[in-house]
Amino acid sequence: MNVKLDQIATVRTLTTFRDRTPVENVDGNAHLLSIRDVVTRWPPDLSSIPRVVVDEHQLSAALEEGDILLPGRGASYPARLFHGAPRPVCTAGQVYVIRAKREIDPAYLCWYLNRPVIQAEINQLLAGSSIKALNKSSLLTIEISLPPEPERLRIAELRSLSEQRTRLRDELERLDQAEIEHACETLFEHRRAHG
């Protein structure tokens, strides 16, 4: 069965910071994601994402676990599944927030939006000559194929396992590099001490 995106999800751009983006503040009560954060390595390292102070109204527009983020302009349009964070996360700029309806697994929808054929379709929908942009009405027309629910859940589970494997590999690489750096520093200090 094929359905339009707007039949299985809501799509919005958060206009929380329409007047101006808040200034970075190390004591901020929320993180602020931009398009750059969405298109680079995912999930983002929250320690490198700016913290800002937002009020209660702005906090009500914070991302929820399971939201899918999609850039609204730029050179690439990866869909990113938000897995939650210790403190609220808001978006700035043209980032679409796609929230799947309850009966649709967001991991499946995110996977589907990242399929090469759908990414090619998104590229065909872009408007503008110098800075390409994806408008919401075009995004809503994308057809989503919905196989039976057990198949969608298996696809979502496989994607989740793949993402977990990638995170574990990255962590292992970071630990390997730290171990090598420690060994080098130890040899250096030993050499200096024994001259």
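A residue is called buried here when its relative accessible area is under 20%, exposed when that area is over 50%, and partly exposed in between. The legends below describe close-up views of a predicted model.

**View 1. Aromatic residues of helix 4 in the predicted model, linked by ring pairs into a cluster of Tyr108, Trp111 and Tyr112.** With a relative accessible area of 2%, tyrosine 108 falls under the 20% limit and is therefore buried, whereas tryptophan 111, at 28% relative accessibility, counts as partly exposed. Tyrosine 108 and tyrosine 112 lie four residues apart in helix 4, about one turn of the helix, and tyrosine 112 is buried as well. The rings of tyrosine 108 and tyrosine 112 have centres 6.1 Å apart and planes at 35 degrees, so this pair is tilted. Tyrosine 108 and tryptophan 111, for their part, are three residues apart in helix 4, again about one turn. An α-helix has 3.6 residues a turn, so residues three or four places apart point the same way. The structure holds three aromatic pairs; in the one formed by tyrosine 108 and tryptophan 111, the ring centres are 5.7 Å apart and the planes stand at 40 degrees, so that pair is tilted.

**View 2. The start of helix 4 and its buried residues.** At the start of the helix, a side-chain oxygen of aspartate 105 comes to within 2.7 Å of the backbone nitrogen of alanine 107. Alanine 107 is itself one of the buried residues of helix 4, a list that also holds Tyr108, Leu109, Cys110, Tyr112 and Leu113.

**View 3. Helix 5, with its buried and exposed residues.** Within helix 5, which spans residues 116–125, the buried residues are Ile118, Gln119 and Ile122. Seen down the helix axis, these buried residues fall within an arc of 100 degrees, so they line one face of helix 5. Pro116 and Gln124, on the other side of helix 5, are exposed. The partners against which the buried residues of helix 5 pack are helix 4 (106–114) and strand 9 (143–145).

**View 4. An open sheet of four strands, in the order 2-8-5-6, with antiparallel pairing.** Strand 2 (9–13) and strand 6 (80–81) stand at the edges with a single partner strand each, so one side of each is left without a neighbour in the sheet. Strand 2 pairs with strand 8 (residues 95–100) over five bridges in the antiparallel sense, and alanine 9 has alanine 100 in strand 8 as its bridge partner. Strand 5 is joined to strand 8 by four bridges and runs antiparallel to it; here the bridge partner of proline 71 is valine 95 in strand 8. Two bridges join strand 5 to strand 6, also in antiparallel fashion, with isoleucine 68 standing opposite leucine 81 of strand 6. Both faces of strand 5 (residues 68–71) are covered, since Ile68 and Leu70 on one side and Leu69 and Pro71 on the other are all buried. In a regular strand the side chains alternate between the two faces of the sheet.

**View 5. Valine 3 in strand 1 and the residues in contact with it.** Strand 1 comprises residues 2–4 and includes valine 3, which at 11% relative accessibility counts as buried. With neighbours within four places in sequence left aside, valine 3 is in contact with Ile8, Ile142, Glu143, Ile144 and Leu146. The C-alpha atom of valine 3 is separated by 14 Å from that of serine 138, although the two residues are 135 residues apart along the chain.

**View 6. The largest nonpolar core, of 30 residues.** Leu5, Ile98, Leu109, Leu139 and Ile144 touch the most other members of this core. At least two residues each are supplied by helix 1 (5–8), strand 2, strand 5, strand 8, helix 4, helix 5 and helix 6 (136–140), and helix 4 gives the most, with six residues. Isoleucine 144, leaving aside neighbours within four places in sequence, is in contact with Met1, Asn2, Val3, Leu5, Ile8, Leu109, Tyr112 and Leu113. Apart from this core lies another, of eleven residues, among them Val38, Leu63, Val89 and Val95.

Key: Residues are numbered from 1 along each chain as its sequence is written. This is a predicted model: local features need pLDDT of at least 70, side-chain atom pairs count only at pLDDT 80 or more; totals for chains, interfaces and linings use all residues. Side-chain values use heavy atoms; hydrogens and water are left out. Buried means under 20% relative accessible area, exposed over 50%, partly exposed in between (1.4 Å probe, protein chains only). The arc is that of the directions from the helix axis to the C-beta atoms. Contact means heavy atoms within 4.5 Å. Rings of Phe, Tyr and Trp (its six-membered ring) pair if their centres lie within 6.5 Å; planes under 30 degrees apart count as stacked, over 60 as edge-to-face and the rest as tilted. Two strands pair if DSSP finds at least two bridges between them. A polar contact is a pair of N or O atoms within 3.5 Å; within protein, one must be able to donate a hydrogen and the other to accept it, and residues adjacent in sequence count only if both atoms are side-chain atoms. A nonpolar core is a set of buried Ala, Val, Leu, Ile, Met, Phe, Trp, Tyr and Cys residues joined through side-chain atoms within 4.5 Å.
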